[in-house]
Structures are given as C-alpha cells and as structure tokens.
Amino acid sequence: MTLSGTRAAPDVRRDELPPRVVPTRHPLRWAATALVLLLLAMAANSLATNPEWDWEVVGQYLFAPSVMRSVVLTLELTALGIVLGFAIGTLLALMRLSPNRLLSSVAWGYVWLFRSVPLILQLLFWYNLALLYPRLSFGVPFGPAFFDIGTMDLIGPLTAAALGLALHQAAYAAEIVRGGLLSVDPGQREAAAALGIPRARRLFRIILPQAMRTIVPNAGNEIIGLVKGTSVVYIMALPELFYQVQVIYMRNGRVLALLLVAAIWYLVLTTALSVVQYYVERHYGRGRS
C-alpha cells in the first residue's frame with residue numbers, strides 16, 4: 001500500500017510490451033528510382049539542348065500538307081486492312097470451327113500459307129499480278145466469259161496494297177477470333193440450343209459478346225501493329241507516311257528531323273488507338289471482377 005492508500009501498479013514485464021512497428025526499407029528500390037529519374041533527366045536535356053535534333057525543321061514539316069496527306073493515306077490503308085481482314089478472318093474462324101472437314105481444312109491452309117509468307121512478298125505478288133494474268137475474265141466457272149478487263153486497270157498500287165494487307169491480316173484475325181470463340185464456356189452454347197434460340201442469334205447475341213473480352217486485347221495489338229506495318233507499302237511507291245518523309249529528307253538532307261516527324265505521327269496514331277482499345281475493353285468487360 002502507498003501512503004495515499006492506493007495499490008501500486010504492477011511492473012510491466014519487458015516481453016509484454018507492444019511490438020515496435022518498423023517500416024520496411026527498400027534501399028534498392030529508391031536507388032533504382034533515382035537512377036531512372038537521372039536517365040530521364042539526361043534524355044530530356046539531350047532532346048532540348050542538342051541542336052542536331054533540328055526541332056525547327058520538325059515543327060516545319062510536322063503539319064506540312066504532304067505529310068498530312070500521307071497520314072490520311074496511312075489511316076485509310078489501316079482501316080481497309082482491318083475491316084476487310086477481320087471480316088475475312090471471322091469467316092475463316094467459323095470455317096475452322098465447322099464440323100465439315102473440307103471447310104476446316106481450307107481455312108487451316110489459308111492461315112498456314114499467309115502466316116508463312118512475309119508481308120512484303122505478298123504485297124509484291126499482288127502488285128505484279130499482271131505478270132501472271134494480264135487480263136481477268138468474268139463469267140461462268142470453266143465456261144464462257146462474259147467480259148474481261150486488264151489486271152493493271154483493276155488492281156492498281158493502292159488496291160494491291162489494301163488487298164495484300166487485308167489478306168495477310170485475315171490469317172491472324174482468324175486465329176484471334178477462333179481463340180475468342182473457344183474461350184466461351186460450352187455450357188453457354190448448350191443452354192442457348194436447349195432454349196431453341198436460332199444459330200445466328202446464338203452467335204451474335206450470346207457467344208460473340210462474351211468472346212469479345214478475349215478478342216479485343218489481341219485485336220487491338222494487331223490494329224496497332226498494322227498502323228506501323230503500312231510502312232512496308234513504300235516498296236510500291238505509295239505516298240504513305242514513311243515513304244513521304246523519305247522523299248522529303250532525300251530532297252533536303254534532314255534525315256533525323258524527318259524520321260522524328262514520322263515517329264511523332266506514329267506515336268499519335270498508336271496512342272489514339274490504345275485509348276479506343278481501353279474503352280472498348282472496358283465496355284465488354286462489364287460485370288467481370
């Protein structure tokens with residue numbers, strides 16, 4: 001008892017004290033962060049202070065009419081390649097999933113052939129198709145022809161480029177769509193069939209919306225890749241973005257500045273497509289945690 005008449009508090013044992021919380025230190029993480037910041041600062045300083053980048057020339061040609069026309073042509077080739085490619089690819093995917101052996105074999109052979117041959121060779125083949133078939137006839141198969149037309153008149157450089165890009169893209173699109181369709185639970189198909197839903201409605205209203213969750217990310221990568229892949233058509237002397245900047249720097253000698261103009265436009269186009277892809281993915285990903 002103390003003098004005040006109250007009991008003294010018992011001594012607290014050392015092992016009963018609450019543990020001391022010590023935050024985890026990450027010296028390597030901080031060192032890596034500092035190193036990355038240093039490298040970024042060095043890169044930004046080099047871009048701002050090195051006169052060889054020719055930023056004045058970049059600004060002069062970034063929105064030049066010839067460059068803008070080449071950007072529009074690049075977008076047109078991309079749109080044609082994607083729309084036609086995925087339309088043909090979807091048909092090929094359905095053929096590969098068909099129980100008919102002939103249809104599935106033909107679709108497999110198409111995918112095998114067009115994925116095996118480089119795109120630049122396919123473009124050159126379609127561009128020089130007139131060497132094999134100077135004139136194309138239209139009529140009854142293995143029968144009389146109603147009329148014919150010169151191949152060069154029907155398939156010009158732009159048509160050959162769009163055809164080559166679309167047929168090449170269709171081989172990859174077929175596998176993307178097929179993988180998306182196979183990712184849907186077979187029970188969905190069985191339930192829809194048991195309810196008597198027509199086959200076409202089953203595909204477009206039940207199976208395809210679910211398959212889009214798998215299709216969209218891969219399709220987005222293919223679209224972004226095709227934007228850059230259109231630069232291959234420079235061999236056909238089409239004034240797309242890469243070909244046009246080549247023409248300009250062969251004339252004025254500002255190679256790096258004009259290549260930077262092309263790089264900036266490719267960055268703008270691919271970034272815009274990435275944003276669109278994000279929102280499309282979010283739309284089809286609704287309801288998924």
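Which residues does the UniProt annotation "transmembrane region" cover? According to that unreviewed entry, the spans are residues 30-48, 68-94, 106-127 and 255-280. Keep in mind as you go that what you have open is a predicted model.

**Stop 1: two of the annotated spans**

Select residues 30-48. This stretch is 100% helix and 0% strand, and its end C-alpha atoms are 27 Å apart. Now select residues 255-280. Here too the chain is 100% helix and 0% strand, with 38 Å between the end C-alpha atoms.

**Stop 2: a salt bridge between two loops**

Next, show the side chains of Asp54 and Arg254. They form a salt bridge, and their closest N and O atoms are 3.1 Å apart. The two partners sit 200 residues apart, so to speak at two distant parts of the chain: Asp54 is in the loop between α1 (27-49) and α2 (55-62), while Arg254 is in the loop between α11 (241-252) and α12 (255-284). Asp54 is buried, at a relative accessible area of 18%, whereas Arg254 is partly exposed, at 40%.

**Stop 3: a network of three residues**

How many salt bridges does a search of the whole structure find? The search finds three. To see the others, select Arg96, Glu175 and Arg178, which are linked in a network of salt bridges. Side chains of opposite charge can pair when their charged atoms come close.

- Arg96 and Glu175: the closest N and O atoms are 2.8 Å apart. This pair links helix α3 (residues 65-96), which holds Arg96, to helix α8 (residues 157-182), which holds Glu175; the two residues are 79 apart in the chain. Arg96 is partly exposed, with a relative accessible area of 23%.
- Arg178 and Glu175: the closest N and O atoms are 2.9 Å apart. Both residues lie in helix α8, three residues apart, which is about one turn of the helix.

An α-helix has 3.6 residues a turn, so residues three or four places apart point the same way.

**Stop 4: His168, further back in α8**

Stay in helix α8 and pick His168. Is His168 buried or exposed? At 12% relative accessibility, His168 is buried. Leaving aside neighbours within four places in sequence, His168 is in contact with Phe114, Val117, Leu119 and Gln122.

**Stop 5: along and around α4**

Phe114 leads to the next selection, as it is one of the buried residues of α4. Select the whole helix, residues 101-116. Its 16 residues should span 22 Å at 1.5 Å a residue, and the end C-alpha atoms are indeed 22 Å apart.

Colour Ser104, Ala107, Tyr110, Val111 and Phe114, the buried residues of α4. If you look down the helix axis, these buried residues fall within an arc of 125°, so they line one face of α4. What covers them includes α3, α5 (119-127) and α8. On the face turned away from the buried side, look for the exposed residues Arg101, Leu102 and Trp112.

At the N-terminal end of α4, Asn100 acts as a cap: one of its side-chain oxygens lies 2.9 Å from the backbone nitrogen of Leu102. Also in α4 is Gly109, which is partly exposed at a relative accessible area of 23%. Try a distance from Gly109 to Val67: they are 42 residues apart in sequence and 40 Å apart in space, C-alpha to C-alpha.

**Stop 6: Met236 in its loop**

Move on to Met236, in the loop between α10 (199-229) and α11. Met236 is buried, at 3% relative accessibility. Which residues is Met236 in contact with, leaving aside its neighbours within four places in sequence? They are Leu123, Tyr127, Pro157, Ala160 and Ala161. Ala160 is 76 residues from Met236 along the chain, and their C-alpha atoms are separated by 9.0 Å.

**Stop 7: α11, from start to end**

Finish with α11. At its start, a side-chain oxygen of Glu240 reaches to within 3.0 Å of the backbone nitrogen of Phe242. The helix has twelve residues and reaches 17 Å from its first C-alpha to its last, close to the 16 Å expected at 1.5 Å a residue.

Colour its buried residues: Leu241, Gln244, Val245, Gln246, Ile248 and Tyr249. They pack against α2, α3 and α12. Just after α11 comes Gly253, with a positive phi of about 80°.

Key:
Residues numbered from 1 in each chain as written. Predicted model: local features only at pLDDT ≥ 70, side-chain atom pairs only at ≥ 80, totals over all residues. Heavy atoms only, no water. Salt bridge = Lys/Arg side-chain N within 4 Å of Asp/Glu carboxyl O. Helix = DSSP H or I, 4+ residues; strand = E, 2+ residues; numbered from the N terminus. Buried < 20%, exposed > 50% of the residue type's maximum accessible area, 1.4 Å probe, protein only. Contact = heavy atoms within 4.5 Å. Expected span 1.5 Å × (residues − 1). Arc of directions from axis to C-beta. Polar contact = N/O pair within 3.5 Å; in protein donor to acceptor, adjacent residues only side chain to side chain. UniProt positions renumbered as here; feature names shortened; annotations may be inferred.
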